[in-house]
Number of protein chains: 2
Amino acid sequence: MKRAVVLLSGGLDSAVTLAIAKRDGFEPHALSFDYGQRHRVELDAARRVAQAAGVRDHRVAQIDLRVFGGSALTDDIPVPLERSVAEIGHGHGIPVTYVPARNTIFLSYALAWSEVTGAAHIFLGVNSVDYSDYPDCRTEFLQAFEHLASVGTKSGVEGTRVRVHAPLLHLSKADIVLKGAELEVNFALTHSCYDPDVDGISCGKCDACQLRLKGFREAGLTDPIRYAA
Amino acid sequence: MKRAVVLLSGGLDSAVTLAIAKRDGFEPHALSFDYGQRHRVELDAARRVAQAAGVRDHRVAQIDLRVFGGSALTDDIPVPLERSVAEIGHGHGIPVTYVPARNTIFLSYALAWSEVTGAAHIFLGVNSVDYSDYPDCRTEFLQAFEHLASVGTKSGVEGTRVRVHAPLLHLSKADIVLKGAELEVNFALTHSCYDPDVDGISCGKCDACQLRLKGFREAGLTDPIRYAA
């Protein structure tokens with residue numbers, strides 16, 4: 001079986017990405033990050049999703065993005081709530097929830113692990129439809145990273161061409177939900193909210209919740225997770 | 001003043017790189033990593049070097065490379081001692097002290113901080129003469145990273161071209177020592193040894209010590225640090 005490192009946040013997108021990697025015959029090694037995110041309930045979701053998918057090797061790398069600040073997800077900038085969905089993602093500039101160079105850092109770790117394990121494939125659940133204003137969610141960025149991997153690693157120099165797979169890149173959230181349903185992803189295990197309450201219940205109002213709810217609605221399916229009243 | 005993020009390990013090379021960044025008119029922001037390195041005395045050296053250079057903002061990012069293993073510098077693989085200098089670096093394959101994707105990870109963090117601070121310049125002390133077999137110490141790698149930075153960050157997309165400076169890339173260790181002497185770097189504050197004793201005294205035998213001692217010898221200067229008898 002071909003090995004792959006799958007970046008697993010615990011969100012809906014990465015759970016579907018993991019299911020796609022399995023469907024395509026890869027043996028997934030799952031990698032999550034404890035980066036001081038406000039919504040740590042995500043990591044619990046990542047563990048549940050990895051377990052449900054039968055992942056045998058799931059690692060959580062401690063990384064410290066707070067050392068630089070600069071994003072609503074790790075810093076003291078308030079998470080924007082109750083923007084209309086129409087404002088999210090398209091042409092309204094890079095949102096405050098953007099974490100500087102985050103996907104570059106995440107992919108670098110995935111690359112390190114792929115070298116150690118001999119995996120020549122990295123999967124990540126980025127999406128350019130809902131997150132068109134995030135520079136590191138675009139084909140051009142992923143291709144640049146593949147090139148970097150080919151010239152900057154021992155395995156690359158020795159001839160292993162690392163492939164970066166982003167199977168959700170051009171899917172709408174509704175398409176992602178439908179794809180997950182087709183692959184029998186248990187959505188109840190996933191977590192998307194940027195601003196859950198102390199019990200981990202999703203707010204239903206932040207960008208991530210709104211996009212998720214809209215995706216389920218457009219897919220004609222019911223989101224099984226709980227939302228605050 | 002133009003801001004720059006300078007990767008500062010506490011070794012001789014990064015101390016000279018910092019001095020070059022200052023000479024060239026940059027306001028340096030120094031970035032070190034606590035990555036579970038065996039030789040933690042390096043971090044103390046980094047702090048001393050930053051202070052001596054008058055760096056106003058020096059951050060140490062906690063990162064966890066041990067989560068993957070795979071290198072003599074972070075894992076249980078013995079550090080190779082007493083190889084002849086002739087065996088080091090040239091055409092003998094990638095050494096066991098190579099840390100998978102390390103410079104990719106380090107540069108990713110530097111990129112994150114450069115975005116937050118508005119620095120469009122990153123300095124690092126990599127060297128292709130002594131470390132020709134490290135894939136991530138080559139021009140091709142640095143150029144690939146510059147491209148990645150230009151397509152993968154908010155600042156890059158908004159038009160800031162991040163430059164990666166590696167002023168030591170083509171210098172021999174002797175040239176680096178001479179350059180440092182010219183710029184009045186206090187070599188006594190730096191640390192290079194891969195395998196220091198409990199008091200932080202350098203072994204004089206590992207690759208890093210041998211290269212350093214050879215550099216001072218060829219430069220006709222005396223290394224001011226202490227070595228084990």
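How are α1(B) and α6(B) oriented to each other? They are oblique, because angles under 35 degrees count as roughly parallel, over 145 as roughly antiparallel, 65 to 115 as roughly perpendicular and the rest as oblique. That pair is one of several helix contacts described below.

Before going further, a word on conventions. Residues are numbered from 1 along each chain as its sequence is written, while chains are lettered from A and ligands numbered from 1 in the order in which they are written. This is a predicted model, in which local features need pLDDT of at least 70 and side-chain atom pairs count only at pLDDT 80 or more, whereas totals for chains, interfaces and linings use all residues.

**Confidence**

The predictor assigns the complex an ipTM of 0.85 and a pTM of 0.87. For chain A the average pLDDT (the predictor's confidence in each residue, from 0 to 100) is 85, and 83% of the residues score at least 70. Among the elements of chain A, helix α1 (residues 12-23) has the highest mean pLDDT, 98, and helix α5 (residues 154-157) the lowest, 78. Helices here are DSSP runs of H or I with at least four residues, strands are runs of E with at least two, and both are numbered from the N terminus. Please take some care with residues 76-92 of chain A, where pLDDT stays under 50. Where pLDDT is low, the predicted coordinates should not be read in detail.

**The sheets**

In chain B, five strands make an open sheet in the order β3-β2-β1-β4-β5, with parallel pairing. Two strands pair if DSSP finds at least two bridges between them. β3 (57-62) and β5 (163-165) of chain B are at the edges with a single partner strand each, so one side of each has no neighbour in the sheet. On average, neighbouring strands of this sheet are turned by 25° against each other, direction ignored. Strand β1 (residues 2-7) of chain B runs parallel to strand β2 (residues 26-34) of chain B, and six bridges join them. One of the residues involved is B:Ala4, whose bridge partner in β2(B) is B:Pro28. Helix α1 (residues 12-23) of chain B packs on the sheet and touches β1, β2 and β4 (121-123) of chain B, its direction making about 160° with that of β2(B).

Chain A also has an open sheet of five strands, in the order β3-β2-β1-β4-β5 and with parallel pairing. There, strand β2 (residues 26-34) of chain A pairs with β3(A) in the parallel sense over six bridges. Within β3(A), A:His58 is the bridge partner of A:Ala30.

**Helix packing**

Axes are lines fitted to C-alpha atoms, for helices over the stretch in contact, and angles run from 0 to 180 degrees between N-to-C directions. The table collects three packed pairs.

| Helix pair | Angle | Axis distance |
|---|---|---|
| α1(B) and α6(B) | roughly 45° | within 9 Å |
| α6(B) and α7(B) | about 65° | 7 Å |
| α3(A) and α3(B) | about 175° | 9 Å |

In the first pair, B:Leu12, B:Asp13, B:Ala15, B:Val16 and B:Ala19 of α1(B) meet B:Ile176, B:Lys179 and B:Gly180 of α6(B). Residues count as in contact if their C-beta atoms, placed from the backbone, lie within 7 Å.

Helix α6 (residues 173-182) of chain B packs on helix α7 (residues 207-219) of chain B at about 65°, which makes α6(B) roughly perpendicular to α7(B). Residues in this contact include B:Ile176 and B:Val177 of α6(B) and B:Leu211 and B:Phe216 of α7(B).

**How the two chains meet**

A rotation of 180° with 0.0 Å of shift along its axis superposes chain B on chain A, with an RMSD of 0.0 Å; the fit is by least squares on the C-alpha atoms of residues with pLDDT of at least 70 in both. The two copies are thus related as by a two-fold rotation axis. B:Ile63 is the residue of chain B closest to this axis, at 2.6 Å (C-alpha).

The contact takes 38 residues from chain B and 38 residues from chain A. On the side of chain B that touches chain A, α3(B) gives the most, with 10 residues. α3(A) and α3(B) are roughly antiparallel to each other, and the residues in their contact include A:Tyr109 of α3(A) and B:Tyr109 of α3(B).

Technical notes:
Two residues are in contact if their C-beta atoms, placed from the backbone, lie within 7 Å.
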